[in-house]
Amino acid sequence: MQDSSIYFADSYYMSIFQYDLTSLSCVNRYLNKGRGPNELSSFLYAYPFKKGDGDWFLIDNSLGMYTYRKEDKRPLTYKGRLNFGWDNLSKDNYDSPSVYNLMEMTDFGIDFTCLNDSSILIPISLVNRNLNDVSKKRYAKGHVFAEVNTRSMEVKNVFGHFPQIYKERPNPFFEFFQYEMVSDTLYINHAADSLIYVYKYPDELLYTIGYECSGINRNYTKGYEVEMAQFKKDIQSVGLNTGLLYVKEKQLLFRTVLKNFNSREVSLQAYLNNDLVLEADVPGLFKLLGFWNSYFYGVDMLPKEKEDGMNFVFYRFKIENT
């Protein structure tokens, strides 16, 4: 969501469709499938840069990054492939970008943040095959962020830390997270943790906030090498944090929590000045998209399937006394 529109990135048509919030109709289509100008052969993710000037980024199957600005006449630009330095692997070196990749398990979104005109912030994941073993060192020494030089596409310094909860209840399947950057303050929402971690950029922990969502099941299987079959069994009953969004117009920090994969019950929390001021159940596999013209907007991430196609359900609501 940007301003008064919601954008749908469709990886089948390789297009981005713009839906106007006033007319509730599709008003524009950007990009196409192909190899010509403003065309793509594939993409995995397409989102606007956080703290950017309107540019979008698209990541293809080979970690190639494109940038796009819909106001320009020929805006699609290939920036290059994210270079983690895998050709010069420094095995088991947790301070080397070569043991990392772009963050995995990104069903709930992935954010890139513009730091300046030549550097972006990205979330990262450890690559198990680039480590000698999967052990407690990953949470003692592992990192969660990297900076990328957008001129060379080199992934530079890695930083940020896993919270204590992962040392107490290790599980590599639940290492993903969401974050928001407000000025020089980072808010990090780890999937398996009830707390929200607040850092002065890059990684000076200031404090934690957050209250556990009522009714959530966090009985994840513990272990450094949990089997896929056990993970699939876990997600029949456990819950986790799925979203973090700061709405500057209201100075509210929102968190969404999936209480239970099976029931798809989602709770929406709002924090004002670090205090919990709202907790409410919301329908479907809810994702909060943004705020415009006095209303908040969200979507059920799973479409409703019908004989003639699929429909995504969007929600609009107000929060009083904020």
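**Why the labels fit: strands, burial, pockets**

Modeller: Let's start at the hairpin of β2 and β3, where five residues sit between the strands and L24 takes a positive phi near 60°. This is a predicted model, in which local features need pLDDT of at least 70 and side-chain atom pairs count only at pLDDT 80 or more, while totals for chains, interfaces and linings use all residues. Residues are numbered from 1 along each chain as its sequence is written, and side-chain values use heavy atoms, with hydrogens and water left out.

Biologist: How do you know that β2 and β3 pair?

Modeller: Two strands pair if DSSP finds at least two bridges between them. β2 and β3 (residues 26-30) have four bridges in the antiparallel sense, so they pass that test. One bridge sets Y19 against C26 in β3. Strands here are DSSP E runs of at least two residues, and helices are H or I runs of at least four, both numbered from the N terminus.

Biologist: And what makes β1 and β2 a pair?

Modeller: Six bridges join these antiparallel strands, so the cut-off for pairing is met again. Y7 stands opposite Q18 in β2. β1 and β2 form a hairpin with four residues between them, and M14 in the turn has a positive phi of about 55°.

Biologist: Why is T113 called buried?

Modeller: Buried means under 20% relative accessible area, exposed over 50%, and partly exposed in between, using a 1.4 Å probe and protein chains only. T113, in strand β11 (residues 113-116), has 1%, so it counts as buried. By that rule, five of the six residues of β2 are buried too.

Biologist: What makes the T113 and Y179 pair a polar contact?

Modeller: A polar contact is a pair of N or O atoms within 3.5 Å; within protein, one must be able to donate a hydrogen and the other to accept it, and residues adjacent in sequence count only if both atoms are side-chain atoms. The side chains of T113 and Y179 come to 2.8 Å, so the distance fits. Under the broader contact rule (heavy atoms within 4.5 Å), T113 also touches K50, K51 and M181, among others beyond four places in sequence.

Biologist: How do you know whether G160 is buried or exposed?

Modeller: G160 has 5% relative accessibility, so it is buried. It lies in the loop between β14 (154-159) and α2 (164-168). Its contacts beyond four places in sequence are G142, H143, V144 and D203.

Biologist: What makes a space a cavity and not a pocket?

Modeller: On a 1 Å grid over the protein atoms alone, a cavity is a set of points where a 1.4 Å probe fits but cannot get out; a pocket is an open set with protein on both sides within 12 Å along at least five of seven lines, and lining residues have an atom within 4 Å of a point. The count comes to one cavity of 30 Å³ or more. The second largest pocket holds about 510 Å³. Of its 14 lining residues, the closest to its centre are I6, F8, Y19, F312 and F314. A volume is the space filled by probe spheres set on points joined across faces, edges and corners.

Biologist: Which classes make up the lining of that second largest pocket?

Modeller: There are 11 nonpolar, no polar and three charged residues. Nonpolar covers Ala, Val, Leu, Ile, Met, Phe, Trp, Tyr, Cys and Pro, charged covers Asp, Glu, Lys and Arg, and the others, Gly among them, are polar.
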